[in-house]
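This report covers the salt bridges of one protein model and the burial of the residues that form them.

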Amino acid sequence: MRVFVTGATGFIGRALIPRLQRDGHAVVAWVRSPVRARGILGAEVELVHADTALGGLVAAIERCDAVVNLAGEPLMGGRWTAGRRAVLERSRIAVTEQLVRAMAEVKTCLRVFISGSAVGYYGDRGDEPLTEASSGGEDFLARLCRRWERAALDAERVGARVVLLRTGVVLGRAGGALAQMLPPFQFGAGGPVGSGTQYLPWIHLHDLVKIIAVALVDDRYRGPVNGVAPEQATSRSFARALGRALHRPAILPLPALVLKVLFGEAATVLLASQRVDPRVLRQHQFAFDFPTLDSALEDIVGGTAVAISPVKSRPEGAGEARYELRARTVIDAPLEDTFAFFAKAANLGVITPAAMRFSIQGQVPPMATGAMIDYRVRVGPLPVRWRTRITAWEPGRRFADLQEKGPYHFWWHEHTFQSDGPRTVMDDRVYYTPPLGLFGRLANRVFIRSTLRKIFQYRGDVIRLRFGVL
C-alpha cells in the first residue's frame, strides 16, 4: 500500500514509518518543514509540504491507499488558556477536517483512514471499567476527543473504513511521557503522581505502531480501538515498576496540588483515572509484544547492549583513541537489504534521536573511499558542525568513517556486516577520544558515555522497527 501520514516527524510517526516500510508499504509524509523532515525520515519517504493548497493535498492523497492521521500539538505543552485550547483544537480537528475534505475530492476510493484520538475521550472515571462502547466524558479533553472523532468519521461518507485509535500513555525511548518521567526517577526522586490510585492506561510505542500496521490491512478493525496494553496499572504501581526497572526507589509522590498550580486544567491528563480495557484488540486476538508493564519498561530502559570501555587494542586507523564502543545487532533481513539501508547517508537521520536535529549540509556525494559528508547535529543545547570522511568502503562487507571536524578530539566508526543465512549480523565499533584532556575524560564518565549508549540504543530500536531483530 501507499500510506499518507500526518504527524510523521512526531514521537509516534517516527516509529510508525520504519514499521510501515518493514511491511513493504510506501510512505508519503505531510510535513511542515521538508528540509527538517528529510533529515529525520530519510531518503525513502516522499514529502508533501503542509502549506500546499487543497488541490495539492488532493493530488497526494489520490495516489495513496490509506491515510494515517497522527497530527496534534502536545497536550502538556502548557496551561490550557483560551489560546492554547484553540491551538489544540486546530491541530486536531481542523487538520482532520482538511484531510476529509481532500478525501472527498479524490477520484478513487480510499481504503482506510486511521485517525488518532486518546483515552481522554472517557474523562475521569475512577475505577469504572471502560471499553470502546463506554460513553464519553464532559471535560475539555473528552469534548475535544469527541469532536476529533466526529470529524474523522465523516470519511465514511466517501467510502473509507475509519479506525479511531484511542491511545493511552505511550512509552518509548527518546520521547513521549517517559522522557519527562525518567530524570527524577534516575536520581531516586520519583514516585506516584497525585493520590497514586488513579488508573494510568499505557502502551509500548512498538505495540502501538504494530496496531496501526495491523489495522491498515485487517478489515475487521473499524470504529474506536483502545490503543492500550492489557495489563492495567495505577499511578502507584507504574511508579514502582519504573523504579524496579531503574533499580531506584520510587516513593516520593508528586502532589496533585503542585500539578494544578503548574498546569491548571491540563493537569487532568496526569490526574484523571481511566481503567481502559483493549476489548477490540482482544477480540481480534492482537498479539502484544509487551503485554506487561515490567516487560515494556525493561525493554525501554535496557534495550540494545552497548559496551563502552577504555581501549584495549586499536585497529589500524584508530591509533589516537582512548575509548571503545561496541554494539552487535542480529537483523532479521538479508545482507543486501541491510547494507543498502545503512550505506545511504540520508538515512543517518532516521537512526539518530530527533533531539539531536541531524541534518546533512549540501549535496551528498556518492559513497566511496574518500567521500566527505558535512552535517549538523545538536549536542545538548549546542549546534555542532561535523565533517566525516569515508576511510573504508567495501560494499556488502564494511565501511568506516573518520571525523575530520567535530566535537571529539578523535572519532572513528566502523560498521561491519556478515550474512547469517536470511539474517545479517551487524557490528558497530567506535573508537573515540573526548576533547579537553582530563576534563574530557571526566565528561566521558559523567555524561558522554551515557549519551552514546542512548544514541546506539535508539539505533537499535529503529533497526528493530525497520527490519526486525533476533
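## Overview

The model is predicted. Its side chains form 30 salt bridges. Three pairs and one network are described below.

## E149 and R166

R166 is buried, with a relative accessible area of 2%. Its side chain meets that of E149 in a salt bridge, with an N to O distance of 2.8 Å. The two residues belong to separate elements: E149 lies in helix α5 (residues 140-153) and R166 in strand β7 (residues 161-167), so the salt bridge ties together parts that are 17 residues apart in sequence.

E149 is buried as well, at a relative accessible area of 5%. Both partners count as buried because their values, 5% for E149 and 2% for R166, fall under the 20% cut-off.

## R157 and D154

A salt bridge also joins R157 to D154, where the closest N and O atoms are 3.4 Å apart. R157 is exposed, its relative accessible area being 72%. D154, in turn, is partly exposed, with a value of 30%.

## R220 and D218

R220 and D218 form a salt bridge through their side chains, at 2.8 Å from N to O. The partners fall into separate accessibility classes: R220 is partly exposed at 46% relative accessibility, whereas D218 is buried at 17%.

## A network with shared partners

Beyond these pairs, one network contains E394, R397, R398, E414 and R429. Its members are joined by salt bridges that share partners.

Methods: Residues are numbered from 1 along each chain as its sequence is written. This is a predicted model: local features need pLDDT of at least 70, side-chain atom pairs count only at pLDDT 80 or more; totals for chains, interfaces and linings use all residues. Side-chain values use heavy atoms; hydrogens and water are left out. A salt bridge is a side-chain nitrogen of Lys or Arg within 4 Å of a carboxyl oxygen of Asp or Glu. Helices (H or I, at least four residues) and strands (E, at least two) are DSSP runs, numbered from the N terminus. Buried means under 20% relative accessible area, exposed over 50%, partly exposed in between (1.4 Å probe, protein chains only).
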